[in-house]
Amino acid sequence: MNDKQNLTLETRLVRSEHLTGSQVDNEWVMIDLDSGEYYGLNAIASDIWQRLAEPVLVADLCADLKQRYDVETERCEREVLALLRQMQEKHMLRVV
Amino acid sequence: MSDLPVTDDPSFKLATHHAFGLRWHFPFEFSAFTSATDACIADVMVEFAHLPTISADPENQGRLSRVDANEVIFMVEGVATFQVCAGRWVRLHPEPGSDTQMMKLILMGAVAAFVLHQRGLLPLHGSGIVTPQGARLFVGHSGAGKSTTLAALVKRGYPMICDDLASICLEGPDEPSVFPGVPLYKLWADSAEALGLATDVLPRVREQLDKFIVSAAGGRQVADSIPLHTIYQLEVHDQPQVSFEELHNAAKFHALLDHTWQNLTLKRMGLHKIHFQQLVSLSNRVRVVAVRRPREGTETGILQLIERLEADFQV
């Protein structure tokens, strides 16, 4: 897997298996069991994380979120891609 | 009533003391720890042993020299080398001519915290008291005011549970709960002064250090574990007033992580997954409040903080 692979709407992603998490109030806290690093996801990011439990096409993910949060397409895609790239940098995702 | 153990197995010893929810066997006098009054086998056995000399290794975090899922070995320069195994054995190798008191303080602190980790209990960096609604802990970094707050509340009649190290149990019907620790606390000279405590008769933590050991053994004691109600995270800020802010979400989780003993060593101990689950459980069951106080630790300042805390105790 090429870590520097450009993440686009046509990429299919799934979350990595070495992270475990749990709900605390409205957010999702996680630990990367390999690195020992901790993360906290806000409500929307944790929603995205739940959807990544199964492989999903980024375009489909955006479409779902656009409908659910009533956000316009361009902004939704921009923000989702930014978040996914951050996650990819931390080895939280796998391209499938 | 407990039966006397019938065994020739030398690895079993009778408990000499109680603290942190465990029965300890010490091969020496340890007046600070509460003495065991019933004949029970110790959970944790402390003994003198010859341990390898540890050289200061800058690659290792601080003074830790060997850490894995089963044991921790660390040295405190000028005091002793300590080995903690499987939450059951503690071996001590004091340096010749070293200060026994410092060794005992480390036993009550870092060593006990490692034992708790190895046994599945959660050690938090905090002091605690009992109120009608349950135990309330004060966690914070060095200098935040945990022991001073404890001393002020003990003076007002609240029973002390622990100082500096809080042993938290997350299993059982009254989860989460705090076990009583050692009935003594350590105060810097200026805090003692602000609280009206004379230090000339108190033992020092270490020669040339203006930090004193205060016994709470004469005060109201706690015998059993107490359900945990609220954790206050003490911090200093550059405002003139005390502020209270209840924490939620990831910030709440992180406050508890921040104040877990030896949190940077959890992964090497192979405990990071279990500890993560403990913190999630604790976060979802206890109230956490960030308390920020003015930097100057004056008598008036302490009183203001205590008044605000007592008002919160009514919640």
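This briefing describes the nonpolar core, the sheets and the chain contacts of the structure shown above. The model is a predicted one. Its largest nonpolar core has 97 residues, and residues from both domain 1 (17-119) and domain 2 (124-313) of chain B enter this core, so it lies between the two domains. Chain B also has an open sheet of eight strands, while an open sheet of three strands is found in chain A.

**The nonpolar core**

- Within the core of 97 residues, those with the most contacts inside it are W24(B), V111(B), A112(B), L137(B) and V178(B).
- The element that gives the most to this core is helix α1 (residues 100-118) of chain B, which supplies 10 residues.
- Once its neighbours within four places in sequence are left aside, V178(B) is in contact with a set of residues including G128(B), A135(B), L137(B), I161(B) and C162(B); also among its contacts are A166(B), S167(B), I168(B), S225(B), I226(B) and L228(B).

**The eight-stranded sheet of chain B**

- The strands of this open sheet follow the order β3-β1-β2-β4-β8-β7-β6-β5 (chain B), and their pairing is mixed.
- At the edges stand β3 (34-35) and β5 (64-67) of chain B, each of which pairs on one side only.
- Strand β7 (residues 80-85) and strand β8 (residues 89-94) of chain B are joined in the antiparallel sense over six bridges, and in this pairing A80(B) stands opposite P94(B) in β8(B).
- Helix α1(B), the leading contributor to the core, lies across β4 (44-48), β6 (71-76), β7 and β8 of chain B, and runs at about 25 degrees to β7(B).

**The three-stranded sheet of chain A**

- Here the strand order is β5-β1-β6 (chain A), with antiparallel pairing in an open sheet.
- Because β5 (56-57) and β6 (93-95) of chain A each have a single partner strand, one side of each is left without a neighbour in the sheet.
- Strand β1 (residues 12-15) of chain A pairs with β5(A) in the antiparallel sense over two bridges, and R12(A) is placed opposite L57(A) in β5(A).

**Contacts between the chains**

- On the side of chain B, 13 residues are in contact with 12 residues of chain A.
- Helices α4 (249-258) and α5 (272-283) of chain B each supply at least two residues of the side that touches chain A.
- Sorted by class, that side of chain B has five nonpolar, five polar and three charged residues.

Note on methods:
Residues numbered from 1 in each chain as written. Chains lettered and ligands numbered in written order. Predicted model: local features only at pLDDT ≥ 70, side-chain atom pairs only at ≥ 80, totals over all residues. Core = buried A, V, L, I, M, F, W, Y, C linked by C-beta atoms within 7 Å. Buried ≥ 20, exposed ≤ 12 C-beta atoms within 10 Å, placed from the backbone. Helix = DSSP H or I, 4+ residues; strand = E, 2+ residues; numbered from the N terminus. Domains from an automatic or database assignment. Contact = placed C-beta atoms within 7 Å. Nonpolar A, V, L, I, M, F, W, Y, C, P; charged D, E, K, R; others polar. Pairing = 2+ DSSP bridges. Axes fitted to C-alpha atoms, helices over the stretch in contact; angles between N-to-C directions.
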